[in-house]
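Good morning, and thank you for making time for this presentation. Please look at the sequence and the structure on the screen as I go through them.

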Amino acid sequence: MANRDKISSRGTVQDRRWSTMTRVGGISIAGVLLILAVGYFGGTDQAVELRDTMQESSQTPITSDDTSEYDGVDEYETFVSTVLWSTDDLRERSFAASNMSYVDPTLVLFRGATTSACGGAISQVGPHYCPSDQTIYLDETFFEELTDRLGAAWGDMAQAYVIAHEVGHHVQHLLGITDQVSYGDNQASIALELQADCLAGIRASTVSDIMDAGDFDEAIDAAAAVGDDHIQETTAGYVQPESRTHGSSDQRKERFTRGFESGSFEACNTFG
Ligand SMILES: [Zn+2]
């Protein structure tokens, strides 16, 4: 997105990357392993997993004496806040058309670990959405790890896809869709994830005029790389359909493309 500087508005980003964690407590080893087993990034399901785990394991979640905002704004924060604004603008207009008010999410940039209303955010969980504080948690170094482990190039378009996907979980939370899905229901979880991918596709369609030639492929490759089957193949060496919670690579590509080509919320409404 070489021309993204044309977009001058910014979403709400808290930059905690320069905060120092002074104390980390409350996450048991079992709890951390549970979180990691859920997947690379899934937003709501992981946030719910994290919250549930924290409630069961301890009353003292990750704490920090310093969650202060870093004063400076670097290129990465500018990029993230620009992407966030583009999704905010899209949602505000679509919610207004339905006579509903949209609440902008906050995005917290951090490194390593930070506090959250879901009991804390750690880098290994990956980008995720916490419904309790309506905040997306993002550790930029996670993308470097993804590049190494999953083989996809995580450029700015791929990262924008991830952010828009997490905003999709925020929309699902605002609309009460998330509450209708009980935890542990893998099919419903996949439906939520695919719908978030479709919503990310809609967001991409709104910036198609400033996308570079390879941007669509970059986003679609990212969607494919985080499909459950691809993750299982690259980490476990085999595919276990019954343990899927995010959808296959083909499903995620198809749903992102559906949102991109239609630009329509109706097209993302189906859970089929
Ligand atoms: Zn997700």
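Helix α5 is largely enclosed by the rest of the structure, because 16 of its 19 residues are buried. Please keep in mind throughout that this is a predicted model. From its first C-alpha to its last, α5 reaches 27 Å, close to the 27 Å expected at 1.5 Å a residue. After α5 comes Gly176, with a positive phi near 80 degrees.

One residue of this helix deserves a separate word, namely His173, which lies in α5. Is His173 buried or partly exposed? His173 has a relative accessible area of 21%, and therefore counts as partly exposed, since buried means under 20%. Setting aside neighbours within four places in sequence, the contacts of His173 are Tyr129, Pro131, Gln134 and Thr178. Of these, Tyr129 is 44 residues away from His173 in sequence, while the two C-alpha atoms are 9.7 Å apart in space.

Gln134, one of those contacts of His173, brings us to the backbone. Gln134 sits in the loop between β5, residues 128-130, and β6. The phi of Gln134 is positive, about 50 degrees, although this residue is not a glycine. As general background, most residues other than glycine have a negative phi. With a relative accessibility of 23%, Gln134 is classed as partly exposed.

Asn99 also has a positive phi without being a glycine, in this case about 60 degrees. Its setting is the loop between α3 and β2. Asn99 is exposed, and its relative accessible area is 76%.

I turn now to the interior. Which residues touch the most other members of the largest nonpolar core? They are Val80, Leu107, Leu138, Trp154 and Tyr161, out of 44 residues in that core. Eight elements may be listed as giving two or more residues to this core:

- the helices α3 (75-97), α4 (141-150) and α5 (156-174);
- the helices α6 (186-206), α7 (215-225) and α9 (249-262);
- the strands β2 (106-109) and β6 (135-138).

The largest share, nine residues, comes from α5, the helix with which I began.

Val80 illustrates how this core is put together. Apart from neighbours within four places in sequence, Val80 is in contact with Val13, Leu107, Leu109, Leu138 and Ile163. There is also a second, separate core of six residues, among them Val108, Cys118, Ala121 and Cys130.

Next, α6. This helix has 21 residues and reaches 31 Å from first C-alpha to last, close to the 30 Å expected at 1.5 Å a residue. Since 18 of those 21 residues are buried, α6 is largely enclosed by the rest of the structure.

For α4, I shall mention a single residue, Glu145, which is found in that helix. Glu145 is partly exposed, at a relative accessible area of 31%. Gln124 is 21 residues from Glu145 along the chain, and their C-alpha atoms are separated by 9.6 Å.

The last local feature is the pair formed by α7 and α9. At what angle do the axes of α7 and α9 cross? The angle is roughly 140 degrees, and the axes come within 7 Å. The crossing of these two helices is right-handed. On the α7 side, the residues that meet α9 are Phe216, Ala219, Ile220, Ala223 and Ala224. On the α9 side, they are Ser249, Arg252, Lys253, Phe256, Thr257 and Phe260. By class, this contact has seven nonpolar, two polar and two charged residues. In general, an α-helix has 3.6 residues a turn, so residues three or four places apart point the same way.

As for burial, α7 is mostly covered, with eight of its eleven residues buried. Asp215 and Glu218 are included among the buried residues of α7, as are Ala219, Ile220 and Ala223.

Let me close with the chain as a whole. The protein chain contains ten helices and six strands. Of its 272 residues, 56% count as buried. If one takes contacts between residues at least 6 apart in sequence, 77% of them join residues at least 24 apart. Thank you for your attention.

Terms used: Residues are numbered from 1 along each chain as its sequence is written. This is a predicted model: local features need pLDDT of at least 70, side-chain atom pairs count only at pLDDT 80 or more; totals for chains, interfaces and linings use all residues. Side-chain values use heavy atoms; hydrogens and water are left out. A nonpolar core is a set of buried Ala, Val, Leu, Ile, Met, Phe, Trp, Tyr and Cys residues joined through side-chain atoms within 4.5 Å. Buried means under 20% relative accessible area, exposed over 50%, partly exposed in between (1.4 Å probe, protein chains only). Helices (H or I, at least four residues) and strands (E, at least two) are DSSP runs, numbered from the N terminus. Contact means heavy atoms within 4.5 Å. The expected span of a helix is 1.5 Å times one less than its number of residues. Axes are lines fitted to C-alpha atoms, for helices over the stretch in contact, and angles run from 0 to 180 degrees between N-to-C directions. A crossing is left-handed if the near helix is turned anticlockwise from the far one by less than a right angle, and right-handed if clockwise. Ala, Val, Leu, Ile, Met, Phe, Trp, Tyr, Cys and Pro count as nonpolar, Asp, Glu, Lys and Arg as charged, and the others, Gly among them, as polar.
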